[in-house]
Number of protein chains: 2
Amino acid sequence: MFQRCALLREVEAKGVRLTAQRRALIATIQEAKTHLDAASLLELARERDPNINRATVYRTIELLKKLGMLDELDLMHLNGEKHYYEVRTQQDHLHLACFACGGIIEFATPAFEMLKQEIAVKNDFEIQVIRLEAGGICSACAREKKKNLQ
Amino acid sequence: MFQRCALLREVEAKGVRLTAQRRALIATIQEAKTHLDAASLLELARERDPNINRATVYRTIELLKKLGMLDELDLMHLNGEKHYYEVRTQQDHLHLACFACGGIIEFATPAFEMLKQEIAVKNDFEIQVIRLEAGGICSACAREKKKNLQ
DNA sequence: CGACTGTTGCGACTGATTCGCAATTAGGGG
DNA sequence: CCCCTAATTGCGAATCAGTCGCAACAGTCG
């Protein structure tokens with residue numbers, strides 16, 4: 001079950017020691033349906049392996065971030081100061097957080113890739129991590145609001 | 001001295017009650033030469049008015065954020081989990097944080113404004129706040145690194 | 001199957017931010 | 001100009017995410 005996890009194989013390929021805890025955490029992150037924060041990641045991972053400690057979660061997150069395999073998000077702090085994590089994908093995408101309903105929209109566009117290029121070239125800056133987040137009102141909530149004003 | 005502060009006049013115009021503490025905090029933010037976190041803001045503001053409490057700093061930051069006059073930054077958490085603040089400007093700009101030297105580069109480009117437009121239109125999303133931050137290696141540090149490898 | 005080294009659990013700790021409540025104060029109406 | 005009231009503040013305790021030191025444990029390589 002953990003064996004066919006792409007992220008796991010990638011970590012292995014980098015010569016990182018694979019412990020039971022790391023396997024469970026990586027599988028959990030990879031199969032997550034939503035953006036997980038450290039606490040939810042711990043909770044979910046414990047369903048696979050109850051012997052996981054909070055400190056290990058933070059240490060593993062740190063490891064995966066350093067390996068460039070995990071991205072950290074704030075999601076505009078809609079729910080407090082914690083961070084959320086997601087597996088890094090081929091193409092960077094951005095996150096839109098709705099202040100009204102709390103929903104998160106993901107969006108990718110070539111314009112973002114081009115902007116990245118421009119940033120890197122014009123500032124002679126080697127980008128390792130990039131994060132674009134916006135907060136505002138999604139279309140459904142905007143309609144809702146308008147309706148209530150009538 | 002506080003009177004000629006543009007931000008202060010703006011806040012006043014919105015019908016917000018102006019206390020001595022808020023005047024001092026707003027003046028401090030406006031005249032800051034670097035990105036301030038809550039603790040440094042408190043420290044600096046106390047030079048103007050020693051009767052300022054930590055809680056008031058956080059409450060004022062919250063207020064100014066809600067008024068859309070202050071933007072919150074992470075600066076890639078180069079120095080821990082705290083947040084940094086800056087007065088919102090006409091044109092949005094992005095922040096590049098160098099993991100090697102800790103330097104921050106600010107950069108604005110029409111491409112960013114256009115990307116914002118595209119995001120808003122394609123997702124039918126009303127953007128209220130937007131934040132683009134990148135982490136990596138600045139040109140000076142890249143040169144330094146290369147030199148040391150030779 | 002050891003040994004060596006990296007990893008983990010634990011529990012205490014830190015540092016940023018928030019909260020409840022009583023005391024204070026800005027600023028409009030008289 | 002003063003008073004009143006609602007908004008704001010100070011205080012100190014509480015919360016909450018994340019970190020640390022250290023002893024016990026466990027992959028991996030030979």
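Start with DNA strand C in this predicted model: show the 26 residues around DNA strand C, and pick out Asn53(A), Ala55(A), Thr56(A), Ala38(B) and Ala55(B), which come nearest. Colour by element next. On chain A, α2 (20-31) and α4 each give two or more residues to the surface near DNA strand C, and on chain B the elements that do so are α3 (38-48) and α4 (54-66). Now switch to colouring by residue class: the surface near DNA strand C has nine nonpolar, eight polar and nine charged residues.

**Over to strand D**

Which residues come nearest to DNA strand D? Select Ala38(A), Ala55(A), Asn53(B), Ala55(B) and Thr56(B), out of the 26 residues around that strand. Here the elements giving two or more residues to the surface are α3 and α4 from chain A, plus α2 (20-31) and α4 from chain B. Keep the class colouring on, and the surface near DNA strand D shows nine nonpolar residues, eight polar and nine charged.

**Two helices of chain A**

Hide the DNA for a moment and select residues 38-48 and 54-66 of chain A, which are helices α3 and α4. How do their axes cross, and at roughly what angle? The axes come within 10 Å and cross at roughly 115°, so α3(A) and α4(A) are roughly perpendicular to each other. The crossing of this pair is right-handed.

Add side chains to see who makes the contact. From α3(A), show Ala38(A), Leu41(A) and Leu42(A); from α4(A), show Arg54(A), Val57(A), Tyr58(A) and Ile61(A). Of the residues in this contact, six are nonpolar, none is polar and one is charged. You've already met Ala38(A), by the way: that residue is among those that come nearest to DNA strand D.

**A little sheet**

Stay on chain A and bring up its open sheet of three strands, in the order β1-β3-β2 with antiparallel pairing. Which strands sit at the edges? Select β1 (36-37) and β2 (70-73) of chain A, each of which pairs on one side only. Then zoom in on β1(A) and β3 (residues 84-87): the two run antiparallel and are joined by two bridges. For one pair to click on, take Leu36(A), whose bridge partner in β3(A) is Tyr85(A).

**Where the chains meet**

Bring chain B back and select the contact between the chains, with 32 residues from chain A and 31 residues from chain B. On the chain A side, β4 (94-98), β5 (104-107), α5 (110-123), β6 (126-137) and α6 (139-149) each supply at least two residues. Which of these elements gives the largest share? That is β6(A), with twelve residues. By class, the side of chain A that touches chain B has 20 nonpolar residues, six polar and six charged.

Now show β6(A) together with β6 (residues 126-137) of chain B: eleven bridges join the two strands, which run antiparallel. Along this pairing, click Glu133(A) and look across to Arg131(B), which stands opposite in β6(B).

**Zoom out**

To finish, show chain A alone as a cartoon. How many helices and strands are there in chain A? There are six helices and six strands, and read along the sequence they follow the pattern α-α-β-α-α-β-β-β-β-α-β-α. Turn the C-alpha trace of chain A along its principal axes, and the spans are about 60 × 40 × 25 Å.

How values were computed:
Residues numbered from 1 in each chain as written. Chains lettered and ligands numbered in written order. Predicted model: local features only at pLDDT ≥ 70, side-chain atom pairs only at ≥ 80, totals over all residues. Axes fitted to C-alpha atoms, helices over the stretch in contact; angles between N-to-C directions. Helix = DSSP H or I, 4+ residues; strand = E, 2+ residues; numbered from the N terminus. Parallel < 35°, antiparallel > 145°, perpendicular 65-115°, else oblique. Left-handed = near helix turned anticlockwise from the far one by under 90°. Contact = placed C-beta atoms within 7 Å. Nonpolar A, V, L, I, M, F, W, Y, C, P; charged D, E, K, R; others polar. Near = placed C-beta within 6 Å. Pairing = 2+ DSSP bridges.
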